[in-house]
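Good morning, and thank you for coming. Please look at the sequence and the structure on the screen while I take you through them.

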Amino acid sequence: GSISKEEAERRAAVQAATQAKLDAVRAQLDEIIAKNTAADDLETLPEEELIIDQKLSEELNAQAAAEAEEVKRERRRANLKSSLLWERMKAELVDPMQRSGAVVEPLAVPQVDTDVDA
């Protein structure tokens, strides 16, 4: 039942890391409780509502980040589409007019109504 020195050190390191995390959570909880206690009566939460589900909070934050990234991706795509359309229109419409002596042609040939009886 004897463990090696390395295993004992590893276990001690894991225990110390776990204790540090626990201390950080306790400090965070103490800070939240202190803020809640110091808040106005209208802003004070009952203790059962004060405890925040960390997993739920992380899931909601991850979901919000994913939704924000999707919106950014959609906006980027829409902006690229608009830029491409502008570049094509500029090449077709603006650039030819900036060259001296260039012939400018209409986009569509106008239709002339030849029916005089109407």
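I begin with Arg11 and Glu7, which both lie in helix H1, 4 residues apart, about one turn of the helix. A word on terms: helices (H or I, at least four residues) and strands (E, at least two) are DSSP runs, numbered from the N terminus. The side chains of these two residues, Arg11 and Glu7, meet in a salt bridge, at 3.0 Å from N to O. By salt bridge I mean a side-chain nitrogen of Lys or Arg within 4 Å of a carboxyl oxygen of Asp or Glu.

Before going further, I should say that this is a predicted model, in which local features need pLDDT of at least 70 and side-chain atom pairs count only at pLDDT 80 or more, while totals for chains, interfaces and linings use all residues. Residues are numbered from 1 along each chain as its sequence is written, and side-chain values use heavy atoms, with hydrogens and water left out.

Let us stay with the charged residues. Side chains of opposite charge can pair when their charged atoms come close. Glu7 also forms a salt bridge with Arg10, and here the closest N and O atoms are 2.8 Å apart. Glu7 and Arg10 are separated by about one helical turn, because they stand 3 residues apart in helix H1. Glu7, Arg10 and Arg11 are thus linked in a network of salt bridges.

How exposed are the members of this network? Here buried means under 20% relative accessible area, exposed over 50%, and partly exposed in between, with a 1.4 Å probe and protein chains only. Glu7 counts as partly exposed because its relative accessibility is 23%. Arg10, at 45%, is partly exposed, and Arg11, at 44%, is partly exposed as well.

Further along helix H1, Asp23 forms a salt bridge with Arg26, with the closest N and O atoms 4.0 Å apart. Asp23 and Arg26 are 3 residues apart in helix H1, so about one helical turn separates them. Asp23 is partly exposed at 39% relative accessibility, and Arg26 is partly exposed with a relative accessible area of 45%. How many salt bridges does the rule give for this model? The count comes to 5.

I now turn to Asn36, which also lies in helix H1, a helix made of residues 5–38. Is Asn36 buried or exposed? Asn36 counts as buried because its relative accessibility is 12%. Which residues touch Asn36, once its neighbours within four places in sequence are left aside? They are Glu43, Thr44, Leu45 and Leu50, where contact means heavy atoms within 4.5 Å.

After H1, the loop between H1 and helix H2 (47–50) holds Pro46. Pro46 is partly exposed, with a relative accessible area of 35%. Pro46 and Ala13 are 33 residues apart along the chain, and their C-alpha atoms are separated by 37 Å.

Next comes helix H3, which covers residues 54–98 and includes Leu85. Ala62 has its place in helix H3 too, and is partly exposed with a relative accessible area of 46%. The C-alpha atoms of Ala62 and Ser4 are separated by 41 Å, with their positions 58 residues apart along the chain.

Leu85 is partly exposed, with a relative accessible area of 43%. Together with Trp86, Met89, Leu93 and Leu107, Leu85 makes a nonpolar surface patch of about 530 Å². Patches are made of residues with over 30% relative accessible area and no salt bridge; like charges are joined within 9 Å, and nonpolar side chains (Val, Leu, Ile, Met, Phe, Trp, Tyr) within 5 Å.

Finally, the protein as a whole. There are 3 helices and 0 strands, and along the sequence the pattern reads α-α-α. The radius of gyration is 34 Å, well over the 13 Å that the globule rule gives for 118 residues, so the protein is more spread out than a compact globule. That radius is taken over C-alpha atoms, and the globule rule is 2.2 Å times the number of residues to the power 0.38. Along the principal axes, the C-alpha atoms fill a box of roughly 105 × 55 × 30 Å.

Of the 118 residues, 3% count as buried. The accessible surface comes to about 11,100 Å², and 56% of it belongs to carbon and sulfur atoms. Accessible areas come from the Shrake-Rupley method with a 1.4 Å probe, and for residues, only the protein chains shown count as cover. Thank you for your attention.
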